[in-house]
Amino acid sequence: DGVSLQTEYEAILGRLESIRAVKAVAVEDIQGSQKRIYEAYAALNGCSLEDAMEASELEQWRDTEIFLTEERRGLFRSKAEEMEESVASRTQAVVSLIRDCQ
């Protein structure tokens, strides 16, 4: 019986390590998207990254440790892509204006 308890204990530890590894990947993914959101916000609003991190408009994008579901990670990715597209669009508009002025 002692051997089976030890085996069960080791199996539980193995599963725990697997869960920790999956969590680490999820946190890294969501924090990467969060950084992209902050960087795009800073670019669009002419502020520092630190100011972007404190902006009230980005309140819902601050918490990266809870709700690490694939759906939430997808929301972060989508928001990052949306904001990066806004930066690209604004950059293109500025370039066009500069060309028109020349």
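This note goes through the predicted model point by point, from its nonpolar core to its charged pairs.

1. The nonpolar core. The largest nonpolar core has 14 residues, and those touching the most other members are I37, Y41, A52, L58, W61, F76 and M83. Two or more residues of this core come from each of α1 (2–45) and α3 (70–101), and it is α1 that gives the most, with seven residues. As a general background to such a grouping, nonpolar side chains tend to be buried together in soluble globular proteins.

2. A52 and L58 within that core. Leaving aside neighbours within four places in sequence, A52 is in contact with Y38, Y41, A42, C47 and L58. L58 itself is placed in the loop between α2 and α3, and on the same basis of counting its contacts are I37, Y38, Y41 and A52. L58 counts as buried because its relative accessible area is 2%, and the cut-off for that class is under 20%. L58 and Y41 are 17 residues apart along the chain, and their C-alpha atoms are separated by 8.7 Å.

3. Helix α3. This helix has 32 residues and spans 46 Å from its first C-alpha to its last, which is close to the 46 Å expected at 1.5 Å a residue. Its buried residues are R72, R73, G74, F76, K79, A80 and M83, and of these F76 and M83 are also named among the core residues that touch the most other members. Elsewhere in α3 one finds D100, which is exposed, its relative accessible area being 65%. Between D100 and E84, which are 16 residues apart in sequence, the C-alpha to C-alpha distance is 24 Å.

4. R72, a buried charged residue. R72 lies in helix α3, and a reader checking charged side chains may wish to look at this residue with some care. Although R72 is buried, it has no salt bridge, and D63, the nearest side chain of opposite charge, is 5.6 Å away. That separation does not qualify because a salt bridge needs a side-chain nitrogen of Lys or Arg within 4 Å of a carboxyl oxygen of Asp or Glu. A polar atom of the R72 side chain does, however, lie 3.0 Å from the backbone oxygen of D63. Not counting residues up to four places away in sequence, R72 touches I30, Q60, D63, I66 and F67.

5. T69, in the loop before α3. T69 belongs to the loop between α2 (49–54) and α3, and its side chain reaches the backbone nitrogen of R72 at 3.1 Å. With a relative accessibility of 44%, T69 counts as partly exposed. T69 and A26 are 43 residues apart in sequence, yet their C-alpha atoms are 8.0 Å apart in space.

6. Salt bridges across the chain and along α1. What is the total number of salt bridges in the whole structure? A search finds ten. One of them joins K23 to E65, with the closest N and O atoms 3.6 Å apart; this pair links distant parts of the chain, since K23 is in helix α1 and E65 in the loop between α2 and α3, 42 residues apart. Both partners are partly exposed, K23 with a relative accessible area of 42% and E65 with one of 40%. Another salt bridge is formed by K35 and E39, whose closest N and O atoms are 3.1 Å apart. Because K35 and E39 are four residues apart in helix α1, about one helical turn separates them. K35 is partly exposed at a relative accessible area of 47%, and E39 is likewise partly exposed at 37%.

7. A salt-bridge network. R77 forms a salt bridge with E70, the closest N and O atoms being 2.9 Å apart. R77 counts as partly exposed at 24% relative accessibility, and E70 is partly exposed with a relative accessible area of 47%. Through salt bridges that share partners, D29, E70, R73 and R77 are joined into one network. R73 is also listed among the buried residues of α3, as is R72, which in contrast has no salt bridge.

Conventions:
Residues numbered from 1 in each chain as written. Predicted model: local features only at pLDDT ≥ 70, side-chain atom pairs only at ≥ 80, totals over all residues. Heavy atoms only, no water. Core = buried A, V, L, I, M, F, W, Y, C linked by side-chain atoms within 4.5 Å. Buried < 20%, exposed > 50% of the residue type's maximum accessible area, 1.4 Å probe, protein only. Contact = heavy atoms within 4.5 Å. Polar contact = N/O pair within 3.5 Å; in protein donor to acceptor, adjacent residues only side chain to side chain. Lys, Arg positive; Asp, Glu negative; His and termini not counted. Expected span 1.5 Å × (residues − 1).
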